[in-house]
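Welcome! Keep the viewer open and try each exercise before you read its solution.

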Amino acid sequence: MNRRSLGSRLAALAAVTAALAGCASDDGDDAAPPASAAPSTASSRPPGSGGTPARTPDGTLLVTDFGADTVTFVDPAARDGAAGLGSVRVGTAPYGIALGADGTAWVATAEGVAAVDTRTRERTALIPYRTDTGPVTTGEYRGGGIGIALSPDGGRVYVGVNVPGGNGTLEVVDTRRREVTRVVPVGRRPFDVDVSHDGRQVYATNHDSFDVTVVGTGDWTTRRIEVAPYGTEGGLGSWLKPHYTAVRPSDGALLLPFEGERLAVVDPGTGRVRIEDMTANTHQHGVTAGADGTLYVVGTGPIDPSRDDGPSLTVRTPDGDERIIPLDGPHETVALSADGRTAYVTGGFTRAGSWDGLSVVDLGSGGVTRLPVGERPLAVAVLGEGAPRRA
């Protein structure tokens, strides 16, 4: 395994990164006026489809188009992309997406949380944030929602809100009333949001503060757990920061991959962080866990092309064995089919070098098919029976 020294890694990033922005903090309490829902039916459908679209079939992919302000509905079996299913305009620069059992997709945008009826393929609400995120903009460091997740009972949406310049917030949306009911301070630039299996805790993975904020959903208290297996010396300019988290089904541990070299295994109760070896030797972003505990990790490509490996998908079994499936070009997040046989990996990528599509990975054979989709697709979710999977 290639064990890079921190010094050489920071030298490599200095040549690539001139300046990075963070996120700002904003408090909130229940006494503040709640945000109001802004209903909309903005959508696009294929010509000749008529006034009401056909029911969206199980297995359809929902992809957030960061570059087009839309969510695109994709038939993964159609090798010509999203033909026949169309897109829904949701709000500026959509990022994370979470699916409810009732067929509602919740999307974190720069303007607010969009609600999309996946049956009719229409946006039904846009819920503004209570956090002041500044002017609505686009780009990697834009303010507004990034990570997003649903409570197990579907009653709440949790969205990590970035405010350029300091710490972020976790906003809590009541899914029935469709309004923000609470704002909780978290760390800088909350890339990902996850929920414990019992719904008692929410985890905000804060990219620019090297940590995870554990939020108790009973009393809304917070605890910070630093997750920095390479240290924090690089500050905002460091590449060696947490991006996405998976919650391990067996015990609720938090799993955060770093650089295809180290997997941080975090006990959210004690705050203890244990490091395990990984083998992909590539900068890593998206991660999801299968029902059996198998981990799927997106490798975006090298920080230093002279010593790092290219993009890949790591398939890591619960006992730590890894299989590396090469990918063509940078990717960002990953979701699984309902039967666990296929992985869908988006090509949007949060930095430069993205492509407009996703890779369909046959997990049995390792075969990869590239599928043209949307414009800079970042997050992907799969419609299906039972509990839907989220990127």
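This is a predicted model. We begin with one residue: Phe191 is buried, with a relative accessible area of 2%.

**Exercise 1.** Decide whether Phe191 and Tyr244 are buried or exposed.

*Solution.*
- Step 1: recall that a residue is buried if its relative accessible area is under 20%.
- Step 2: the value for Phe191 is 2%, so Phe191 is buried.
- Step 3: Tyr244 has 6% relative accessibility, so Tyr244 also counts as buried.

**Exercise 2.** Describe how the rings of Tyr95 and Phe191 are arranged, and find which parts of the chain they tie together.

*Solution.*
- Step 1: the structure has 3 aromatic pairs. In the one formed by Tyr95 and Phe191, the ring centres are 6.1 Å apart and the planes make an angle of 65 degrees.
- Step 2: planes over 60 degrees apart count as edge-to-face, and this pair is edge-to-face.
- Step 3: Tyr95 belongs to the loop between strand S3 (87–89) and strand S4 (97–99), while Phe191 is in strand S12 (residues 190–195), so the pair ties together parts that are 96 residues apart in sequence.
- Step 4: both Tyr95 and Phe191 are buried.

**Exercise 3.** Now follow Phe191 to Tyr244: what is the geometry of this pair, and where do its two residues lie?

*Solution.*
- Step 1: Phe191 and Tyr244 make an edge-to-face pair, with 5.5 Å centre to centre and 65 degrees between the planes.
- Step 2: Phe191 is in strand S12, and Tyr244 is in the loop between strand S15 (222–226) and strand S16 (246–247), 53 residues apart.
- Step 3: Phe66, Tyr95, Phe191 and Tyr244 form one aromatic cluster.
- Step 4: among the contacts of Tyr95, leaving aside neighbours within four places in sequence, are the other cluster residues Phe66, Phe191 and Tyr244.

**Exercise 4.** Which residues touch the most other members of the largest nonpolar core?

*Solution.*
- Step 1: this core has 17 residues, and Tyr95, Leu263, Val287 and Leu295 touch the most other members.
- Step 2: the elements giving two or more residues to the core are S18, strand S20 (283–289) and strand S21 (295–301).

**Exercise 5.** Find what is notable about the phi of Glu259, and decide whether Glu259 is buried or exposed.

*Solution.*
- Step 1: most residues other than glycine have a negative phi.
- Step 2: phi of Glu259 is near 60 degrees, a positive value.
- Step 3: Glu259 sits in the loop between strand S17 (254–258) and strand S18 (262–266).
- Step 4: with 1% relative accessibility, Glu259 counts as buried.

Key
Residues are numbered from 1 along each chain as its sequence is written. This is a predicted model: local features need pLDDT of at least 70, side-chain atom pairs count only at pLDDT 80 or more; totals for chains, interfaces and linings use all residues. Side-chain values use heavy atoms; hydrogens and water are left out. Helices (H or I, at least four residues) and strands (E, at least two) are DSSP runs, numbered from the N terminus. Buried means under 20% relative accessible area, exposed over 50%, partly exposed in between (1.4 Å probe, protein chains only). A nonpolar core is a set of buried Ala, Val, Leu, Ile, Met, Phe, Trp, Tyr and Cys residues joined through side-chain atoms within 4.5 Å. Contact means heavy atoms within 4.5 Å. Rings of Phe, Tyr and Trp (its six-membered ring) pair if their centres lie within 6.5 Å; planes under 30 degrees apart count as stacked, over 60 as edge-to-face and the rest as tilted.
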